Structures are given as structure tokens and as C-alpha cells.
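Work through the short exercises below with the model open. Each task comes with a solution in steps.

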Amino acid sequence: MVVQSGTTLGPTLHGGTAQAPTALVDTPEHADDFFWVGDGTVEGNQLKVIYGRYIKTEDNPPLGFARQGTALATFTLPDLTLSSVRMLPVNADMGWGSALLEEDGFSYIYGSEYAEGAKFAHVARAPAGELGGPWQYWTGSGWSDRESDSVRLHSGVGEGMSVSKIGSQYVMVTQENNDVFSGWIVAYAANSPTGPFSGPTYLYEAPEPEVSNRSQFIYVGRHHPELADPGELFLSYDVNAWNGEDHYRDVRIYRPRFKEVAWPPKVSDPTPAPGAPTNLKVRAGSDGINHLTWSAPSGTNLNYWVYKKNLTLGQTHFTRTGNPATSTQYGDPFVRDGHTYAYQIRAINQNGTEGPASTPASATGRLAVPPAPTGLTATAGQAGEVKVAWTMSEPGTNYRLYRRDVTEGETVFTEHPLDDPYAVTGTIVGLQIGHTYEFKVTAYNQVGESPPSNLVQAKVAFQAPAAPQNLSATALADGSVKLAWTALPGGAVNHWIHLRDVTSGATGFTRHPFPVSGQTTTLTELFNGHAYEFKVTAANDGGEGLPSAVATATVRLAPPAAVSGLTATPQSDGSIKLSWSAAERAKSYWVYRRDVTFGHEQFSRYHQPFGATTATLNDLHDGNVYEFKVAAVGDGGEGPAGAVVTATAKVTPPGAPTGLKAEAGSGTVKLTWTPPVGAQMYWIYQRDITAGESGFTRLPYPTSVLSASLEGLANGHTYEYKVSGINQAGEGTASATVQAKPQPPKPAKVTGVTAQAQADGTVKLAWTPIDGAFYWVSYRDITAGQSADTRLEYPATGPAAHVGPFTAGHQYDFRITGTNSAGDGLPSDPVRVTIQGAAAAASPAAMLNPTAVPTKKLAAAAAAGLPRPPSNLTVTGRGNGYVDLAWVNSLDHPAVYYWVQFRSVGKSTWYNLPYPTLGTTYRVTKPLWNGFEYEFRVVAENQTGASSPTNVVRAAPDPHRLRARQDSRSRAGTTASNCSGRATPPRTSTGWSSNRLEPAPGTG
């Protein structure tokens, strides 16, 4: 129940809880039933509402329900709390409570009786304030305590209705139900609550059934006087759909509609109403349709309302049925077998003015098998067809035609489809020529099929067509002959062509292998210069007819037409490209040329013909002027040459190569490109961007192919390339540039990993080294249930690391992963160790000797194995607590790492910064102090040892200088860790071996 307060809608009252709502009105003893609300009234501080109790039957959704009784629900006011639900002692088949009317100290209770598909209004009453007490029932002349004495007020009411007093009249509004599922809302009026009620007055036709193509229907039409303005009725009705899925496709269907209409109804248009139709007749067809005809009154553009009532059911008044008829006949399919119906017709004009009713006519609906057709005849035609005809069984009947092939000995008839099952004639084709067929016809409707008509036979005949007329033969320029003729009536299906080669001495005509369906054809594959004779015959299922008169033609194949659209375009390689339009009948082309510069007076034909409409001539002299013309060649010989064009052969430098691509490998780059027109060889240009080269260097030798494999390049360097074409005219424009960066392969999987637990809670790790690699150390606390590895912040530069401390007594897995400038390799297999010592925990663990820097210079290392030093160290920036450095990489880069060394000015000992870098820039922070001047140098190191240092530079951090535009974060990938994206000084937390810097090897 939705409560409206003023213009506010809500709340919604329901049973159950907000999380699990149930029906508002329900009873435990009828848990499987549902209650459908009727009308209500206020008695004191209570609201009394009558409900119909229903049960689902599922036999005809959405109408699958049956009424089980009538209940009275009581709600307390003003909170509308349900206090009781009581079943009333009334007939379960009566829909009491559809409408309530308070009048003269009584509550009048209106209900509907359902009887064999028709509904009738009834009325009862109870003293005001005693709706739940004993009721009295209207008998037609008084009141009775027995419900069985209740009489029908009138027919045609719906499940829902309303009765209200308007002026001195009692107005009942409901859906018109004499016509089942009508879309009309109608009103009945009376001078007392018990009637008699006159009507119906047609108030409003709901559009939903019509616009939905009858997939929707309306129900429960009512009037709401408390919402109506004076002089109006405020109507409501509900809409439902026959297919329940429609409600999910369109949620607008299942909800009420509202409409305001005038009351009393407006006076009809003063235009004179049409007269009453006359001569109404009703014929009950055996197919269950009552067929109506009538004579029209005077007037034009008239339509007609058909009114009917079911006399057998006792309907009390005529009701509109269907839509207005546009002619003077109507078929009513909603007829029940054995029921008698009365009809009236009213004419309406274009203004909607409705005239008086015709005299009623009636008929009793019937459903029966139609009588057998009679007078069947069968007549054979001359084109293989048989025409059948018979006498109508009765109007509006369908027919079936049957046949059997007597000549074939068939004993069973086969139905032959009719184009129009209502027609009484038919033409049958597709029969066997010369065969005798037997035919019969039956009539049928929805009840069944009639006995057969009389039997008839016919023999199928087919006459061959007459000879074609006016045959003509025309020789065409392409060597074909076009034939045309006129076909005479006679059912020709195909035509056969007969020809004779007179020139070759043929004595008889030969029939062409394929028939012609039309009246013209063109013959090809004839001999040029030969004379031919032709004749044509027509054929159908009756055979081939007589031939036409003979027509003669001599094949004359014309040479191709002159070539047009010739153009000559010089190419950069000194050739000239010719192009022209295709000539009719051409199979190839001769190209003629003349060297004007050399003074040639005659054109010379090129040594070979061309099959296409383009040709490129290469054997020309650079700078000479040439004239060209082209002639087409076909089966008829060589045609005339086209117009002459002129062009100058000129070699020009080639255009730029396109599609240049560079594919990098380890120390290699492979180039590929697409050639320009005229290029004979190619120059390749290269520059090393990483080395700071600003200009391109041309490789020493050109190439004649469209690719180049360049080797001996530095891994990690970015190279830029471009390519240009060359020919005898010189070098052309260079291509667009491309870049490539050679990279070594990623390191292999680390092997030979060992782990030794130390007494202080640390672990010493060692593994087999990999050339050119740093190493990531990862660990996992197995005892603590860790599921993922933790990687130390900085890599180790050698094949050993001392890490920790870790939690004493816990088991740890360690993995080592090699890394270089190409990325990380595969991790090693895990090695497990139990931590010693008494430390409770250490987080995070750290690398104690991450760089594995030798404490003394490896003097014993072979000099040839040491890396070559970096160079050109410069100070690129100073700021608050930092100095930025940059240098040119070692020639062994990227197979080395770099140590930045520093010392205070005036000191002799050099110190390594805590971590090496793979890049060529570094921001030095701690332990620098603002205002102190320092000296810096850089060395390269590999597995063999360290190089000699770079030049020395001096700088001091300066807090007053602007910060460099490019801070340390913009140098990610070229700082000490090469992976963390920043250069970080040693942390001062537990786990680092010291917070002081070690002297650089060989210093001090």
C-alpha cells in the first residue's frame, strides 16, 4: 500500500521486513493464496478494505488464477497498521467489493458475477459502520438476507469498477466486458444505487492494445471522484502483457494509466448524423464466423460501428465490437458454437457523429464441416497446363485440390498446392506431357474437411511452338555475329541456333550446343572471312518447332582502334615510362620511337610487343629527345598508331630511400630499406650519439644491395643511421634517420651458489662469476612463512657478498640474479641456511661488502686485461651539499663499472664513494660539506682490476647556487646502482660494516 500525503507519495507499506518484504495482507491459513484489493471505507478510527482471495492455477498465464473467496481487512488509523483479516461468509464465485458507495445510512457493496465468460453486476448493502456485519442483497424489487436471491443489474462490467454519486445520478465506471478484452472504458447511469442502469456511454478507448498489436490488454477501469475536477471524470485503468517477458523489456507496461474525460459527455457535433443502415443480414458460417452485410444510408465516406450482444448468455445491452468497418460487410470471428447473437449497425461520418442503429438481426454461431464442392471440371490446355473449376461450397470456405497420375498407375491422390485457397478455380502446371490425371476437390475450415467433390480426368497436351520470325544476322567488328528474331505466341521456353560454314563447304547445319532463353544472342569463335548461314528454332516441353528463315553473314574481324591517352614520363635512371589507354579488340601493343636529337627521320619499332598498357624503355641516350607512338595489335591485325608524344631522357640523382629500419644485436646493427627509383648503389652514414658525435661518418664502401650488417659496435651505445642512393648522376637525398642501441644478451643463470652462516647473524655468499655482470642478492625468511623474495637495495659487483644480519635460528633461502645493461637474467636455484647468533631480528638486512672492492690494487693482474680508463671528467653542477660530475665512458663500456674517488684539497689519500655506477654521471652528496673544496677523479673496473684514473677536477658544494636543472632523479639508470634510480650514500643503520670511507686501492 502506497500512502499519499498531499502531493507527497510514500511511504510504501508492506509485510515482512525492509530487507525481506512480503505482501501487506496475508494470513497463515492461506499462505499459498494472494489477496487482490477491492474498495474500502472509513468506519470510525478504522479503515475497512475488501479483498478478493485468489489461488494460482498456472493454466493460462497471465490469467492463471481463480477466486477463492472475499476477505475484509481492518487497518487502524492514522498509522494504517493491519489489525485483522477476516473471511466473509459470501459465495466464492462472486467478486464482491469491487466498488463501495456510502449513501442514506448504508454501505452499498458492488460485485461482479462470472458466468460462462460473461460478467454481470450485483449489489448488496450493510448498515453504515457495519461493513463486516450481515449483508442484504438486491432482488430486483427489495432486499433479502440470502445471497442466492441477488439479481443481475446488467452485463458488461469488469473485475474492477467504481460507483459514485454525481449530481442526482449514480455513475458506474468500468471496463466494457461484453466484448472480451475490449479497450473501452464506459459509464452506466442510474437514479438510485440499485439501478436500473442505462448505457453504456463510451468514455475513452485505451490505445495500448491497438499500438502493441494486441500484445497488451487493459483491465480494472475505475473513476476517482476525490481527484476529479467539476464536470469531469478522473479515470484509471491498468495494463498487462500476454507475454510476461515483455515486462522486463519495457518496465513502463505494468502500471496504471490516468485520463480525464468530460461528464456529462459533450453534445455531439451539430452536423447532421447519417441515417440508419438498412437490410442487415447475418449468415452463420460453418467456420465459426458470423458474416454480416447491410445497405448503407445516404452520405459519403461513412464507417460503421458493429454492435452485438450474446442472447444465450443473457447480456443486457448491445456493445461495440472490434474497430469500425470501412465497408458494408463484416466478419465476426468471436462467436461461440450454439450461442445466438444479435447485431445492430450504426453509421458514423468523418466528424465522428454516430447515427441511429439499424434494425437488429441475429444468428446462431455454428462450427461444422463445410459441404462438399460440386461441379468440378478439368480442361487441358495446349501448353501442358490443366485448368480446374468447381462450384462454391459456401462463402468464406478454404479448398484443397488433389490429383493422381492415372497413366503412371497411381492409386493415391496427392494434394496440389493452390495459390489462393479461397478461390474456386486453379491452373495446374508441371505435369507429364501425354499423361492422364484425375482430380478432386474438398472444402475445409477449423472444424474439419468435407467429403470430396466429383472426380474428373484430363490428358495433358503440349504443342510445339511455331517457327521464329524476322531472323537477322549482323557481323560485328570483333569477329562475332549477332542474331535477333521475333518469337510467336505458343509457349516457347528456349531457342536453338543452327549454323553452316558456307566458306568451308559444310553441307548441313550444326546445332549450337547451348540453347538461348531470350530472342537475341551473339556467336563468337567463328572464322574470320568465312560466310555463315543461320536459322533458329523454338522449343518447349512439346518439342522443337519448325526453323526460321535462313539469315547470312560474313565474319569480318576489324583491327583494333587507334591508341589514345599516350603519355611519356622521364625517369631518374634515364629511362622513359610510357602509358596509354587500352584499345578496343587489342591483345598486345607495338611501341614506335624516333631519336630526334640524333636526327632519325623514321620511327623504329621496339624489338618486342607489350601485353600491358605501360612500357619502360631503358636503352636511351642521356639528354636525347625522343618521339613515341603506339599501335594496338589484335586478331584483325595491327591498328592505326595513336598520337605522337615527346620526352627527353635524363638521368637524375635518385630520391631518398624509404622504410629504413635498424635491428640491434650484441655489438651489431642490421639495416634494411626500400630503394628509390634510379638508385644503383647506396652510401651508409653512421654516428655514435652516446660518444657525443655530432656529425655523421660515411662508411668507407657503398653497397649495391638493400641491407647492411654492421659489426664491432659498442654495446650500450646509441647509434644513428641514414642511407642515400647514388647513380651516374650523383648522390641523392638521404633517408630519414633511425636509431639502434646494441646490447649484450642478458646474463645466464647464476650457478655454484654457496652460503655460510656467520656467528654474528650474517651470511657469506659466493657463486660462479659471469663476465660483465653485477649481481642481485634476494632472500626469503622460510621460518617466518614469507612467500616472496626480498631483493637487497644494491647489487654486488663481484662473485661474493657478505649480507645481514638476519633473525637468529630462522631458515633463509638465498637467490642470486645476474644483471647487466640488457636487464636481469634468470635467478639461481635457492640455497638454504640457518642463521646463527643471538640477534632477535634485523630489518632490513643489508649488504656488508656490496662492492667487493679489493683492499689493494691487483698489481699481479695482466696489464692487457685491465679496462681502459674513462676520460674528460668535468663538474656539471654544484648546490647545497652536492657536486655533479660527468665523464666520457671507458672504451670497454658497458663491460665495466666506475668508482668515483675524492679527497679534500691538500690531502694525499683518495677515497672511494660507497657504491660503483654503471653510468657516466654521478651526484656526490655525503660526506661533502658546504664550503669545503674537494678533488675528484674516476676509475673503471672489471673482473681483472681497476684502470688508471681520469683527470682530476676541483669543486665545492655551494648552498647559495641555484639547483642544477637536472636533479638526480632525472639521471635514473646512470647512477651508482643503475637499478634503484638514485645514487644513495651509505646508511647508518645496523648491518653496515662502517660509516666511514675506505681509502682507494693504491692510495694513502
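**Exercise 1: A pair at 2.9 Å**

D250 and R252 form a salt bridge, and their closest N and O atoms are 2.9 Å apart. The model is a predicted one. Task: decide whether D250 and R252 are buried, partly exposed or exposed.

Step 1. Take the cut-offs: buried is under 20% relative accessible area, exposed is over 50%, and partly exposed lies in between.
Step 2. D250 has 24% relative accessibility, so D250 counts as partly exposed.
Step 3. R252 has a relative accessible area of 57%, so R252 is exposed.

**Exercise 2: A bridge between two strands**

Task: find which parts of the chain the salt bridge between D824 and R791 ties together.

Step 1. Check the pair: the closest N and O atoms of D824 and R791 are 3.2 Å apart.
Step 2. Place both ends. D824 lies in strand β66, residues 823–827, and R791 lies in strand β63, residues 790–791.
Step 3. The salt bridge therefore ties together parts that are 33 residues apart in sequence.
Step 4. Add the accessibility. D824 is partly exposed at 30%. R791 is partly exposed at 40%.

**Exercise 3: A strand and a loop**

Task: describe the salt bridge between K119 and E159, and name the network that holds both residues.

Step 1. Start with the distance: the closest N and O atoms of K119 and E159 are 3.0 Å apart.
Step 2. K119 lies in strand β11, residues 118–127, while E159 lies in the loop between β13 (143–144) and β14 (161–166). The pair therefore ties together parts that are 40 residues apart in sequence.
Step 3. Is each end buried or exposed? K119 is buried, with a relative accessible area of 16%. E159 is partly exposed at 29%.
Step 4. Widen the view: R67, K119 and E159 are linked in a network of salt bridges.
Step 5. Put the pair in context: the count for the model comes to 34 salt bridges.

**Exercise 4: The surroundings of T364**

Task: locate T364 and list what T364 contacts beyond its neighbours within four places in sequence.

Step 1. T364 is found in strand β28, which covers residues 361–364.
Step 2. With 38% relative accessibility, T364 counts as partly exposed.
Step 3. Leave out the neighbours within four places in sequence. T364 is then in contact with A284, G338, H339 and T340.
Step 4. Look at T340 again: a polar contact of 2.8 Å joins its side chain to that of T364.
Step 5. Now look along the chain. V831 is 467 residues away from T364, and their C-alpha atoms are separated by 102 Å.

Methods
Residues are numbered from 1 along each chain as its sequence is written. This is a predicted model: local features need pLDDT of at least 70, side-chain atom pairs count only at pLDDT 80 or more; totals for chains, interfaces and linings use all residues. Side-chain values use heavy atoms; hydrogens and water are left out. A salt bridge is a side-chain nitrogen of Lys or Arg within 4 Å of a carboxyl oxygen of Asp or Glu. Helices (H or I, at least four residues) and strands (E, at least two) are DSSP runs, numbered from the N terminus. Buried means under 20% relative accessible area, exposed over 50%, partly exposed in between (1.4 Å probe, protein chains only). Contact means heavy atoms within 4.5 Å. A polar contact is a pair of N or O atoms within 3.5 Å; within protein, one must be able to donate a hydrogen and the other to accept it, and residues adjacent in sequence count only if both atoms are side-chain atoms.
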